[in-house]
Each structure stands twice: as structure tokens, then as C-alpha cells.
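Student: Could you take me on a close look at one part of this model? I would like to see what surrounds the bound molecules.

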Amino acid sequence: MYKIEADFINEQKVWEILEKCKNPEPRQIRDVLAKAAEMKGLDLEEVAMLTSISDPALLAELFNTANQVKETIYGKRLVLFAPLYISNLCSNECLYCAFRATNKEITRHALSQQQIAREVNVLIKQGHKRVLLVAGESYPKEGFQYVLDSVKTIYSVKSVHGEIRRVNVNVAPLATEEFKQLKDAGIGTYQIFQETYHRETYSKVHLGGKKRDYNWRAWSLHRAMEAGIDDVGIGVLFGLFDYRFEILAMMQHIKELEEKFGVGPHTISVPRLEPATNSDIASHPPFPVSDIDFRKIVAILRLAVPYTGIIMSTRETAKMRRETFALGVSQISAGSRTNPGGYEEETEDDPSGQFSLGDHRSLDEVIRDVASMGYIPSFCTACYRLGRTGADFMDLAKPGDIKLHCAPNALSSFKEYLQNFARPETAEVGDKLIAETIGSMSGIARQRAEKLVKRVEAGRDDVYC
Ligand code: SAM
Ligand code: SF4
């Protein structure tokens with residue numbers, strides 16, 4: 001099934017729209033921004049017009065509108081997670097990745113279930129509640145069962161410090177039956193990045209293994225959703241091809257999922273190519289994305305699909321991460337390692353990692369930093385655990401409702417972190433922020449927040465509404 005052409009990615013149409021919208025009048029751009037401020041999303045032509053902005057004044061208007069939308073919908077919350085690399089075995093030949101099959105310069109490991117449990121213990125002790133399981137496309141002798149066992153292991157680790165409450169997964173595309181098994185294992189989001197939607201580039205950078213098949217990958221989120229996985233994550237590896245093309249093609253993919261399944265992706269990831277051991281293309285991206293364009297990409301995505309979370313990883317530097325919070329990022333990783341076993345070993349930027357990190361700070365340092373900027377670090381997993389996923393989540397994700405649920409839950413999960421894991425200087429910044437935030441709330445949201453935070457102060461963990 002789905003061996004056929006992924007015709008919802010229509011390259012010719014993307015080029016036509018980019019050509020048609022390449023020189024919009026400032027008035028047209030302002031009309032698009034005014035529409036975006038209504039938080040109903042944008043169509044492809046409108047998105048194309050925004051990609052053409054280069055005038056600093058219009059760029060500032062774009063950033064301001066994105067900030068306004070982000071604050072209205074998400075408030076000051078930032079959800080935190082850690083990637084958990086369980087294996088760097090891989091049979092593919094993606095030129096940009098250190099894990100590619102022919103790269104002899106890295107040491108290969110697939111963690112045993114005991115090793116995975118030890119990694120999870122380290123993450124739990126740091127205060128993490130959400131992990132993203134990541135693996136190359138080749139599994140030990142158990143085959144795909146290895147991934148299912150690993151999800152089970154992660155959920156099974158319980159300690160006095162808590163547990164992992166949501167496991168998201170980023171592994172190679174699966175068959176529908178396997179997606180069903182992944183759903184039954186209780187995963188949160190399944191994410192997969194097309195890397196590039198441009199077919200010619202795709203075939204130039206994927207030289208061997210199953211990943212050569214563009215269509216198998218492009219249809220994978222259809223299979224996941226058919227298998228009942230409501231929350232799926234999408235993404236592009238920026239730097240491989242023209243970012244304007246990629247954004248529009250990704251919008252085609254999003255619209256297709258919305259049409260077929262009534263709901264689009266839960267998250268969008270925006271990885272930018274980073275240096276990787278023994279990869280020339282990773283150090284010299286064919287279409288480098290400048291810092292200003294990268295911020296533009298985040299702002300445009302925020303306006304194009306306002307209710308879809310945007311994930312920023314530690315590929316980016318602390319500075320870039322800080323700048324993009326205001327533009328639309330709603331989830332960040334922190335304290336990450338990209339080599340299997342990296343948390344227990346405490347290795348920083350191991351050459352066996354998948355790529356180099358831009359942000360090397362610990363979870364606690366990141367939390368102190370974002371809290372001192374006024375952002376509320378959230379470890380909330382309530383929606384997924386209450387079955388508010390897919391379209392149900394999108395219904396909830398309207399500004400008013402978010403205020404009633406997400407804001408109180410973010411505060412209580414942050415309080416739980418401060419009480420159980422934070423260094424004293426972080427607790428000081430955090431407690432002050434919680435008090436100020438509750439002080440600025442009103443009505444039911446404030447009552448809920450006060451009640452939940454008090455419960456945590458009284459020693460209860462994992463309280464949410
Ligand atoms: N192996 C699976 C796959 O390729 O879909 C899933 C995991 S893969 C390790 C996760 C993602 O890392 C890839 O989809 C790719 O976008 C990203 N990645 C690979 N090499 C990278 C690099 N040099 N810089 C930044 N991101 C990279
Ligand atoms: Fe393997 Fe994924 Fe890296 Fe490609 S990106 S080499 S499939 S781990």
C-alpha cells in the first residue's frame with residue numbers, strides 16, 4: 001500500500017505559487033499579517049508572500065505578529081523534553097548523518113533494555129517527564145520488537161523522583177500494522193521528517209537503504225494516522241534545499257493530512273543541518289539557512305498553522321533558542337545527548353553522536369534561563385493521559401480553553417520540578433515567577449492554578465486538570 005506517488009506534494013504548483021508571490025506589495029503583506037493575527041491559519045499563497053519578505057520593517061512586523069499569536073495561544077509556556085537515543089545502528093546512507101551505514105568513524109551501539117532503563121533513570125533524576133525515543137533504521141535481532149520493548153522499558157522505570165509520563169517516538173517509517181503496535185505501546189507523538197520535499201535533492205542525499213524511497217516516507221504519516229496515532233509530528237531538515245520551497249511543500253503535506261484525517265500534525269520540528277562526524281554536506285549545507293531566515297521560518301510557521309506546536313532542539317545555540325521562543329516555539333529539548341548511552345556516560349558532544357549540539361547546558365540551567373526570561377517551563381502530560389489527542393486536542397487548543405487547562409497544569413508541573421529537582425538558585429527564580437504568574441491570572445484559571453500548586457506544595461506529585 002502507498003507505493004504510489006505521493007501526489008499531494010505537487011512541486012510544479014509550489015514553484016508556480018512562489019513565482020506568482022515573489023514580489024508582493026507591502027500592502028499585500030500587511031493584509032496577510034492582519035489575517036494571520038486572527039489565528040485562523042494561512043493558505044499557500046499567503047505563506048509564499050511571507051517567505052518573500054526581506055525589508056527590515058516588514059520583517060519586524062512579521063515577528064511582532066508571530067509573537068502576538070504565540071502569546072495569545074500559548075501564553076508563556078514552554079514544554080520541555082529530552083531525546084533518548086537507543087541505537088545508532090543504521091542501514092541507510094543519508095549523506096548528512098553520522099549514523100549512516102558506511103561511516104566507520106563512529107562506534108555502533110544498540111542499548112540493551114537494562115541500559116535504556118539506566119538512561120531513563122538519569123533523565124528522571126534530572127526532572128524530565130517527557131522523552132523522545134530516537135533510533136537509526138536498523139534494529140538488533142529482535143527487529144521492530146526492539147522499539148516496542150524500549151517504549152515499555154521507558155514507561156516501566158519508576159523511582160522516588162518520578163517517572164517518564166509521555167514517550168514520543170522518532171523512528172523510520174513503519175507499516176500500518178507496526179504503527180498499530182506502536183500505538184498500543186502507549187506512545188504520545190510519532191514524528192518523522194521528510195528531510196526534503198524536493199524529489200531530486202531527496203535522491204541525491206539518500207544513497208542507500210530503505211530511506212531512498214521518497215514515497216514510502218511521504219505516506220508514512222497517513223499510515224500512522226490510519227493506525228490510530230492521533231498526534232503526529234512533521235519536519236524538514238533545513239539546509240538541504242531552498243527553504244521557501246520546503247515550507248510550501250510542507251504546507252501541502254499539512255493540508256493533505258487535515259483534509260484526509262480532519263486534523264493536521266500536532267507538532268512541526270525545524271532541524272537545521274549541523275556538522276556530523278565524517279559528513280561533508282552537514283558542514284557545508286547546499287542551501288545554508290541564515291539566522292535571520294531561520295527566525296523568519298519559525299515566525300511564518302507560527303502564523304500558517306497557529307495551533308500546531310513548534311519544536312526547537314539543542315541543535316541550535318542558546319541565543320537562537322531564546323530568540324525563537326518569542327516567535328512561536330512551544331517545545332524545547334534540554335540537556336540533550338545524541339549518542340546512545342550518552343546520559344549515563346555524561347559525554348558531551350561525543351563524535352558518535354548524530355550531530356553536534358549548539359546548546360550544551362543542563363536541564364536546570366536551561367530552566368533557570370527561560371524562567372528568568374518570564375517563560376514557564378512545563379512538564380505537563382495531561383492532554384495525552386486524559387485522551388485529549390488529535391482533533392480533541394485541537395478543539396481544546398483555543399486560546400480561552402488553553403488558559404483554563406494548560407496554564408494551571410504548566411504551573412503545577414513546574415512547581416513539581418522546582419520542589420524535587422531544582423538547584424536553590426533556580427527554585428528562587430521559579431517560585432517568584434509562579435507567584436507573579438498566578439497573581440496576573442483571574443477567574444477559574446487562577447483558582448485552578450492556586451489549587452494545583454498548593455497540592456504540589458503539600459507533597460502531591462502529578463496533579464493536573
Ligand atoms: N533514523 C530515523 C530517520 O532518519 O527518520 C529517525 C531518527 S533520525 C536519527 C532523526 C532526524 O535527525 C532525521 O530525521 C534528520 O532530520 C535529523 N538529522 C540527521 N542528521 C542531522 C544533522 N547533521 N544535523 C541536524 N539534524 C540531523
Ligand atoms: Fe539513519 Fe536516520 Fe541517520 Fe538517515 S537520518 S542515517 S536513517 S539515523
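Tutor: Happily, here is a walk around the two ligands. This is a predicted model, in which local features need pLDDT of at least 70 and side-chain atom pairs count only at pLDDT 80 or more, while totals for chains, interfaces and linings use all residues. Residues are numbered from 1 along each chain as its sequence is written, chains are lettered from A and ligands numbered from 1 in the order in which they are written, and side-chain values use heavy atoms, leaving out hydrogens and water.

Let's begin with ligand 1. Around ligand 1 there are 21 residues, the closest being E195, K211, R217, E274 and Q354 (a residue counts if one of its heavy atoms lies within 4 Å). By class, this shell has 12 nonpolar, 3 polar and 6 charged residues (Ala, Val, Leu, Ile, Met, Phe, Trp, Tyr, Cys and Pro count as nonpolar, Asp, Glu, Lys and Arg as charged, and the others, Gly among them, as polar).

Now for some atom pairs. An oxygen atom of ligand 1 lies 2.6 Å from an N or O atom in the side chain of E195. The backbone takes part too: a nitrogen atom of the ligand is 2.9 Å from a polar backbone atom of E274, and a nitrogen atom is 3.1 Å from one of A135.

Next comes ligand 2. Its surroundings are C90, N92, C94, C97, F99, R100, G136, K211 and Q354. That shell has 4 nonpolar, 3 polar and 2 charged residues. K211 and Q354 also appear among the closest residues to ligand 1.

Conventions: Polar contact = N/O pair within 3.5 Å; in protein donor to acceptor, adjacent residues only side chain to side chain.
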